Amino acid sequence: MFKSIFRKLLVTYLAIIISVIAVLSLLISMVYNWYVFDQKQKELEKAGYYVNELLNKLENEEISQKELKTSLDSMGYISDSTIYALRIDKKALQYPKSLQMDEDLQESYLLSDLQKILDGEKVFRKKQYSEKFDMYVVFSGIPWKTNSGISGAILLFSPISQINGNLAKLNLIIWIMAFIFIIISALVIYLNSQRISKPIKQIEMAAGKLASGEPSEDLVVSTKDEIAKLAKSFNYMKHQLASTEKMRSEFIASVSHDMRTPLTSINGFVSGMLDGIVQPADYKKYLTIIKDETVRLTKLTSDILQLAKIQSGSIKLFREKHLVKDILDSVINSTRVFMNNKSIGLTLECDHAVTVYADIDKLKQILINIIDNAVKYTENGGAIWVEVTSKSTITEFRIRDTGIGISPEDLPLIFEKFYRVDKSRSSPGGTGLGLNIAKSLIELHEGKIWAVSEVGTGTEIIFELPEK
Ligand SMILES: Nc1ncnc2c1ncn2[C@@H]1O[C@H](COP(=O)(O)OP(=O)(O)O)[C@@H](O)[C@H]1O
Ligand SMILES: [Mg+2]
């Protein structure tokens with residue numbers, strides 16, 4: 001029964017509200033009850049004291065018997081009570097049988113009360129059955145005080161029915177109000193619980209869909225609370241998963257394509273040789289092609305491995321301060337053969353003192369990837385400039401060539417995985433991963449890379465690495 005959050009909220013809130021309202025109503029009703037009887041007691045006592053005064057006046061012959069009677073009648077009327085004044089000798093109480101009481105005032109509880117009254121105490125009974133009136137009464141008794149001491153008791157009886165009637169009416173009002181309160185709060189609680197639980201339910205359903213691979217709309221939560229944040233994170237997670245999945249399938253498609261093409265041509269040439277279609281005189285030519293293709297496959301495999309390492313975050317940098325000139329000399333030396341083959345001249349502009357804070361192996365790889373491109377995509381007899389400057393908090397590298405250039409549509413894409421402007425096999429062999437690897441390594445160094453290029457004029461690749 002309490003399985004859903006909605007029910008849990010509803011039941012908990014309702015239980016709290018109902019008990020609070022019930023306890024409050026009970027308290028109000030009890031306090032009012034007490035108050036009404038307290039007022040009645042005060043009223044009767046006050047009337048009693050007034051009667052006492054009148055009796056004393058009669059004794060001193062300040063008023064007549066008749067005047068007394070009229071006053072008593074009106075007192076009784078106002079306080080809705082019947083009033084008795086008993087003159088009793090205290091000693092008479094010791095022999096109850098000899099107690100002379102008004103004939104028709106034979107109330108069983110009176111004897112003990114009279115004893116207290118004659119001792120000077122006040123007596124009050126909230127709910128007393130009276131034999132004389134044959135009904136429940138409110139009873140108040142006070143001592144009859146005269147100059148010579150206590151000479152009797154003044155007793156007042158008031159029917160309880162009217163008080164109880166009023167109290168019942170009030171209690172009814174209190175409980176009706178409580179009921180209305182409970183209904184209103186239940187409604188508010190119901191709506192509130194639904195408001196809180198609905199988005200949770202939506203997230204739960206969306207998560208279920210996601211798990212089973214079904215497409216689902218983005219969650220829309222209009223509030224600004226934690227649940228809305230959860231929904232936002234959930235949407236984000238969903239998009240991340242989708243883009244990871246897209247990247248994964250694209251990656252597999254690219255890799256398998258890039259591997260199958262060289263493998264197919266290797267297979268073709270080897271089969272041709274085995275079947276005797278290729279003449280032994282041509283073997284060298286075809287074996288050279290096969291070798292080039294295996295070199296390309298090896299490069300592709302190592303690039304993919306490198307990329308996978310970077311993406312899994314398992315690459316650790318060993319950053320130290322290095323002299324840039326030394327690093328560049330070694331990188332340029334390793335690409336010298338290719339430049340000489342194409343008669344490309346390289347100009348290096350780098351002060352001896354310029355330093356860089358980097359992982360030396362990774363920086364070499366970045367530079368090789370960029371300079372390799374500059375050589376590859378520059379016609380024979382072109383030129384390359386490598387310029388390194390130390391700025392306030394960064395070291396800036398610029399590699400410029402007089403090559404074929406990149407069109408404005410391709411320029412933003414060259415750092416993407418497997419992106420190659422010329423996809424044909426006739427273009428200088430590459431994997432389309434070189435710049436992506438360079439960019440990832442630069443970002444690991446908290447640096448940035450960008451390119452400026454014009455078709456037919458040349459390309460400039462610029463990257464910055466922050467100083468320590
Ligand atoms: N210096 C450059 N001049 C012209 N085009 C370039 C240059 N550097 C990169 N490119 C273009 O960007 C693409 C991506 O470069 P890269 O990631 O190194 O892959 P590739 O393996 O093809 O060299 C290249 O295929 C090429 O089209
Ligand atoms: Mg490259």
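**Phe 418.** I looked up the burial of Phe 418 in this predicted model, and at 14% relative accessibility I count Phe 418 as buried, because the cut-off for that word is under 20%. I then read its backbone and noted a positive phi of about 60 degrees, although Phe 418 is not a glycine. The residue sits in the loop that runs between β9 (394-401) and α9 (434-444).

**Asp 134.** I went on to another non-glycine residue with a positive phi, Asp 134, where the angle is about 55 degrees. Asp 134 belongs to the loop between β2 (123-130) and β3 (135-146). Is Asp 134 buried or exposed? I found 55% relative accessibility and therefore entered Asp 134 as exposed, the cut-off being over 50%.

**Ligand 1.** I listed the surroundings of ligand 1 and obtained 18 residues, the closest of which are Asn 373, Arg 420, Thr 431, Gly 432 and Leu 435. Among the helices, I noted that α8 (360-376) and α9 each supply at least two residues of this shell, and that α8 gives the most to the shell, with 3 residues.

For the polar contacts I went through the atom pairs one at a time. An oxygen atom of ligand 1 lies 2.9 Å from an N or O atom in the side chain of Tyr 377, whereas at Val 421 a backbone N or O atom is the partner, 3.1 Å from an oxygen atom of the ligand. A nitrogen atom of ligand 1 is placed 3.3 Å from an N or O atom in the side chain of Thr 459. I also checked the cover over the ligand: taken alone, ligand 1 exposes 530 Å², and the protein buries 96% of that area.

**Helix α4.** I compared the span of α4 (residues 160-211) with its residue count: at 1.5 Å a residue, its 52 residues should span 76 Å, and because the end C-alpha atoms are 73 Å apart, I recorded agreement. Where does the kink in α4 lie? I located a kink of about 30 degrees at Ser 197, shortly before the proline Pro 199. Following the chain beyond the helix, I came to Gly 213, which has a positive phi near 80 degrees.

**Domains.** Last, I wrote down the division of the protein chain, which gives domain 1 (5-165), domain 2 (226-311) and domain 3 (316-466). Taking the centres over C-alpha atoms, I noted that domain 1 and domain 3 are separated by 109 Å.

Notes
Residues numbered from 1 in each chain as written. Chains lettered and ligands numbered in written order. Predicted model: local features only at pLDDT ≥ 70, side-chain atom pairs only at ≥ 80, totals over all residues. Heavy atoms only, no water. Helix = DSSP H or I, 4+ residues; strand = E, 2+ residues; numbered from the N terminus. Buried < 20%, exposed > 50% of the residue type's maximum accessible area, 1.4 Å probe, protein only. Domains from an automatic or database assignment. Expected span 1.5 Å × (residues − 1). Bend = angle between axes of the 7 residues up to and from the residue. Near = heavy atom within 4 Å. Polar contact = N/O pair within 3.5 Å; in protein donor to acceptor, adjacent residues only side chain to side chain. Areas by Shrake-Rupley, 256 points an atom, 1.4 Å probe, with all protein chains shown as cover.
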